[in-house]
Amino acid sequence: MKVLHAHLAQDTLVCERFRRELAIARSLDHPGIVRVFDLHEHQGRPFISMELLRGRTLHERLVRGGPMAPAEARRVTLEICAGLRAAHREGVIHRDLKPHNVFLTDGGAVKLLDFGLARAAGQTRITSASAVAGTPGYIAPEILAGERGDARADLYALGATWFEMLTCTPWSSSAARPIEGRDGEALRRALEPDPELRFLDAGQFLRALGGGTVPPALSARPPLSSGEYDVVVHDVVRPRAPLRAVDEVLERLGTRAPSLWKLRLLGAGRAVLVSGASRRTAEAAAALCASHGLPATVRPFALRPRSEEWLARHGPWLLALLGGALTIALAALFGESARWTALGLLAGYVLSWGLHPPASAAPLSGLPEQESAMSRLAQGVARRASMLRKRRPHLAGLVREAEAAVLAAHHSANAAASGDDAQVQRLLELAATLDDALALEPAA
């Protein structure tokens, strides 16, 4: 029996979540998920009757028994993943996966518990707008950043749980590196901060756990959202290599730089590449620059020099006028005012190219307040469909199906539609299918 505490039974929100857990859990029928039977009430306190399990939670096992052997940890992870796949196929996201919510029976079975924070496709959220659902240490970065999250957030939590099975310590990016081999590769992919670089679905994770081959993640543009940070590229001293790197970085960010901006960058040696970004977006863009050998720093608005924008906008004509004025004085001495004035104006204009381009003219600016995960996922599916159309023309039917799903996603990306979860799940399934099709060997 699962019974609400008396003081919680008076909370309408908690009671509603409790009833929803029953509805969700009863819809799931899988040996890796605890069976829930019915909702009862005694003296005003609701309680749920469920399958009787004998054993202990994974958390208790780790506290008392220490780290698991790699093979046993992989087996438990695989069985959890199978339960998650069954839930995800029904449109249910657990949202609070952790060792406390995994049960190891005396007979060796693994059961998923506690769908109290789960969300099913088509249901509205009943948490407050500012609440973050889940447990620290297992919450995916995109959820901490304020996004809604999807089934890939469960895979992140499973990765953190797997790491804890192996080490009995909370996951950290630095500690994950010593785990080598196929387990290390699968673990690091599950724990990618960017959901676009994780396993697309539980099926891919299961395949990796079983020793199968999973197509590598498709490179993805980082999430873009507005904020109070700039990304400044600097130390651009070699004309060709830096500009090529700038073009490559901007292509990954989904934009291009005007030729005039690039010329100003060469003259000044530094410029604002991304303006008005959130810290997450700015750090991702700076990391992207670093990966292409382009020095870049993240700068808060508060540290932007007040004179920078004004000089960048008005500096060229001011320097030109100053150069002209100085040469008029010199021209009076040499008697060739027209020639010297022209040369002075030209010299002042050339010197103005040493001024930084204005931040407002950055190639990437005017970012959305929050880019939805579904928009990024849809872009990834569209890229895969375009690649498949070129490489496998005989799979045109799959391409058309993917393009139709992308079109539907774009229509509802900015709307609070109740069907978004189902659309995201469909896009994830299509992305995984497209990856498999792209990984096929060419026909002889």
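The following legends describe an overview and several close-up views of a predicted model of one protein chain.

**Figure 1. Overview of the predicted protein chain.** The model contains 16 helices and 11 strands. The chain has 444 residues, and 47% of them count as buried. Its exposed surface amounts to about 22100 Å², of which carbon and sulfur atoms supply 57%. Among contacts between residues at least 6 apart in sequence, 73% join residues at least 24 apart.

**Figure 2. Confidence of the prediction along the chain.** The average pLDDT of the protein chain is 83, and 79% of the residues score at least 70. Residues 124-130 form a stretch in which pLDDT stays under 50. For this stretch, the model has 10 contacts beyond four places in sequence. Where pLDDT is low, the predicted coordinates should not be read in detail.

**Figure 3. The open sheet of strands E1, E3 and E2, with helix H1.** Three strands make up this open sheet, in the order E1-E3-E2, and their pairing is antiparallel. Strand E1 (2-3) and strand E2 (36-42) are the edge strands, and each pairs on one side only. Helix H1 (residues 12-26) packs on the sheet and touches E1, E2 and E3. The direction of H1 makes about 155° with that of E2.

**Figure 4. Pairing of strands E2 and E3.** Within the sheet of the preceding view, E2 pairs with strand E3 (residues 45-50) in the antiparallel sense, over 6 bridges. One residue pair to locate here is Glu41 and Pro46: Glu41 stands opposite Pro46, which belongs to E3.

**Figure 5. The open sheet of strands E10, E9 and E11, with helix H11.** This sheet is likewise open and consists of 3 strands, arranged in the order E10-E9-E11 with antiparallel pairing. E10 and E11 stand at the edges with a single partner strand each, so one side of each is left without a neighbour in the sheet. From one strand to the next, the twist averages 25°. Helix H11 (residues 279-291) packs on the sheet and touches E9, E10 and E11; the direction of H11 makes about 20° with that of E9.

**Figure 6. Strand E9 and its two partners.** Strand E9 (residues 226-233) pairs with strand E10 (residues 271-277) in the antiparallel sense over 5 bridges. The pairing of E9 with strand E11 (residues 296-300) is also antiparallel and also comprises 5 bridges. Val231 takes part on both sides: its bridge partner in E10 is Val274, while in E11 it stands opposite Val298. For Asp230, the bridge partner in E11 is Arg299.

**Figure 7. The salt bridge between Glu51 and Arg35.** Side chains of opposite charge can pair when their charged atoms come close. The whole structure holds 21 salt bridges, one of which joins Glu51 and Arg35, with the closest N and O atoms 3.8 Å apart. Glu51 lies in the loop between E3 and strand E4 (55-57), and Arg35 in the loop between H1 and E2, so the pair ties together parts that are 16 residues apart in sequence. Glu51 has a relative accessibility of 14% and counts as buried, whereas Arg35, at 44%, is partly exposed. A network of salt bridges links Arg35, Glu51 and Lys111.

**Figure 8. The salt bridge between Glu142 and Arg198.** The closest N and O atoms of this salt bridge are 2.6 Å apart. Glu142 belongs to helix H4 (residues 141-144), and Arg198 to the loop between helix H7 (181-190) and helix H8 (202-209); the pair therefore ties together parts that are 56 residues apart in sequence. Glu142 and Arg198 are both buried.

**Figure 9. The salt bridge between Glu403 and Arg389.** The side chains of Glu403 and Arg389 meet at 2.6 Å, N to O. Glu403 lies in helix H15 (residues 396-412) and Arg389 in helix H14 (residues 373-391), so this salt bridge ties together parts that are 14 residues apart in sequence. Glu403 counts as partly exposed, at 35% relative accessibility. Arg389 also counts as partly exposed, at 42% relative accessibility.

Notes. Residues are numbered from 1 along each chain as its sequence is written. This is a predicted model: local features need pLDDT of at least 70, side-chain atom pairs count only at pLDDT 80 or more; totals for chains, interfaces and linings use all residues. Side-chain values use heavy atoms; hydrogens and water are left out. Helices (H or I, at least four residues) and strands (E, at least two) are DSSP runs, numbered from the N terminus. Buried means under 20% relative accessible area, exposed over 50%, partly exposed in between (1.4 Å probe, protein chains only). Contact means heavy atoms within 4.5 Å. Accessible areas come from the Shrake-Rupley method with a 1.4 Å probe; for residues, only the protein chains shown count as cover. Two strands pair if DSSP finds at least two bridges between them. Axes are lines fitted to C-alpha atoms, for helices over the stretch in contact, and angles run from 0 to 180 degrees between N-to-C directions. A salt bridge is a side-chain nitrogen of Lys or Arg within 4 Å of a carboxyl oxygen of Asp or Glu. pLDDT is the predictor's confidence in each residue, from 0 to 100.
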